Amino acid sequence: MTERIAAAAPNGFLWGTAISAHQSEGNNINSDAWLCENVSPTLYREGSRDGCDSYNRFEEDIAIAADLGFNCYRLGIEWARIEPEPGLFSMAELDRVRRLLEACHRRGLAPMVTYNHFTVPRWFAARGGFEVADGADLFARFAERATRRLGDLISYASTFNEANIQRLIAQMDLGPNSRAVTDAMLAQCAKASGSDRFSSLLFAPVETTEPVLLDAHVKAVSAMKAGPGDFPIGVTLTMQDIQGVGKGHIAETVIALLYGPWLDVARTADFVGVQTYTRVLVGSSGRLPPPEGAEMTAAGYEFYPQALGGTIRFAAERIGRPIFVTESGIATDDDTRRIAYIDAALSEVRLCLNEGIDVKSYLYWSLLDNFEWTRGYHEHFGLVQVDRETFTRALKPSARHLGAIARSGRI
């Protein structure tokens with residue numbers, strides 16, 4: 001058991017949760033993900049459908065977060081809703097997002113806004129997505145229009161959620177038929193769109209998309225910095241605690257494959273968002289399985305909350321920018337294990353603070369049991385359970401546990 005020795009959190013420390021638009025709002029019908037979910041064949045276990053109905057219930061979700069004692073709310077804005085057709089921006093949708101941000105401020109929550117959480121408009125995917133060079137300019141145009149209407153209400157922001165996500169997916173074993181099913185799914189999406197192509201970010205190749213994503217990040221940051229508003233813009237990364245095992249291990253090779261150019265990009269950002277769930281063991285031939293008898297989460301990876309300390313230290317050493325923990329969480333149906341995970345992860349944050357590392361937040365993924373991409377609604381990360389028929393929210397003990405820690409102001 002991890003021993004917890006609490007001390008006061010730094011002044012201005014952010015406590016809260018993270019969530020994305022597509023995974024919670026529901027009926028994001030103009031997005032690439034919606035189409036991928038609903039063609040046949042598909043990699044998706046089920047469609048997102050109504051989500052958690054957060055599109056209509058965002059004030060309830062914000063109230064839950066505020067009443068728990070949090071002071072930050074990380075959320076995503078949905079490009080496919082704001083620009084459902086190329087060059088046609090919905091002022092009504094921007095106004096709805098503005099009301100969401102205003103609700104955050106009314107309840108004492110600093111909004112941390114992700115401009116892209118994997119999904120893009122269907123029309124953008126059908127023209128080649130981020131595999132086409134001018135995709136960077138189109139994303140920057142969206143960022144400019146969104147910031148023009150919302151920037152004065154944004155407290156923190158990032159361009160892409162887990163900017164290196166494609167590199168992680170490239171290292172994962174998705175099964176022997178995954179490539180064939182992916183290709184068939186995207187072919188059906190292209191056909192449904194009347195196009196000869198369909199590029200969905202989670203399934204697009206690193207080598208063709210990454211140069212455009214890098215350009216899109218730079219151009220979007222420039223657009224966001226033009227204001228209104230004067231908010232820090234970070235780079236969030238999917239980060240595993242990569243641990244070398246034995247002589248001749250190739251941990252540095254795996255690190256290079258996971259991060260590529262994004263460590264350099266993060267060094268230019270106002271902050272780095274650390275998003276960590278587990279560790280990866282690496283021997284002389286590559287990744288190793290978890291230790292025999294290790295506890296596994298419902299998402300199929302090792303229960304190892306201590307990984308957060310490893311990735312915070314990695315970010316401090318290799319990036320050297322202020323560190324925000326923008327995602328940390330566990331998929332489980334045993335809420336006692338969620339509480340144990342949170343406590344152990346926060347113990348790592350405390351140790352890092354004691355070492356003088358500039359850690360500025362702990363944001364749990366996720367507020368709600370929401371849509372988890374190809375795995376659907378079967379993995380439960382949330383502090384709050386959502387009835388799939390009535391959308392009634394029910395707080396789990398872990399919600400009150402983390403809320404009590406936040407209210408105490410101690411880690």
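**Exercise 1. Determine which residues D50 touches, leaving aside those up to four places away in sequence, and classify its exposure.**

Solution. In this predicted model, the contacts of D50 are listed first. Beyond the residues up to four places away in sequence, D50 touches S24, E25, G26, N27 and F391. Next, its place in the fold is noted: D50 lies in the loop that runs between helix 2 (32-38) and helix 3 (54-68). A C-alpha to C-alpha distance can then be added, since D50 and N28 are 8.6 Å apart in space and 22 residues apart in sequence. Finally, the relative accessibility of D50 is 35%, so the residue counts as partly exposed; that class lies between the limits of 20% and 50%.

**Exercise 2. Describe the surroundings of T238 and decide whether T238 is buried or exposed.**

Solution. The secondary structure is assigned first: T238 belongs to strand 5, residues 233-238. The relative accessibility of T238 is 3%, and T238 therefore counts as buried, the limit being under 20%. The side chain of T238 makes a polar contact with the side chain of Q240, at 3.3 Å. Not counting residues up to four places away in sequence, T238 touches E162, N164, I165, L168, L258, Y259 and Q275.

**Exercise 3. Characterise the packing of helix 7 against helix 10.**

Solution. Two packed helices are described by the angle between their axes and the distance between the axes. For helix 7 (residues 135-150) and helix 10 (residues 206-225), the angle is about 25 degrees and the axes are 8 Å apart. Helix 7 is therefore roughly parallel to helix 10, as angles under 35 degrees are placed in that class. The crossing of helix 7 with helix 10 is right-handed. On the helix 7 side, the residues in contact are G135, A136, D137, F139, A140, A143, E144 and T147; helix 10 contributes V212, D215, A216, K219, A220, A223 and M224. By class, this contact of helix 7 with helix 10 has nine nonpolar, two polar and four charged residues.

**Exercise 4. Carry out the corresponding analysis for helix 5 and helix 7.**

Solution. The axes of helix 5 (residues 91-106) and helix 7 come within 10 Å and cross at roughly 50 degrees. Helix 5 is therefore oblique to helix 7. Their crossing is right-handed. From helix 5, M91, L94, D95, V97, R98 and L101 meet R145, A146, R149 and L150 of helix 7. By class, the contact of helix 5 with helix 7 has six nonpolar, no polar and four charged residues.

Methods. Residues are numbered from 1 along each chain as its sequence is written. This is a predicted model: local features need pLDDT of at least 70, side-chain atom pairs count only at pLDDT 80 or more; totals for chains, interfaces and linings use all residues. Side-chain values use heavy atoms; hydrogens and water are left out. Helices (H or I, at least four residues) and strands (E, at least two) are DSSP runs, numbered from the N terminus. Buried means under 20% relative accessible area, exposed over 50%, partly exposed in between (1.4 Å probe, protein chains only). A polar contact is a pair of N or O atoms within 3.5 Å; within protein, one must be able to donate a hydrogen and the other to accept it, and residues adjacent in sequence count only if both atoms are side-chain atoms. Contact means heavy atoms within 4.5 Å. Axes are lines fitted to C-alpha atoms, for helices over the stretch in contact, and angles run from 0 to 180 degrees between N-to-C directions. Angles under 35 degrees count as roughly parallel, over 145 as roughly antiparallel, 65 to 115 as roughly perpendicular and the rest as oblique. A crossing is left-handed if the near helix is turned anticlockwise from the far one by less than a right angle, and right-handed if clockwise. Ala, Val, Leu, Ile, Met, Phe, Trp, Tyr, Cys and Pro count as nonpolar, Asp, Glu, Lys and Arg as charged, and the others, Gly among them, as polar.
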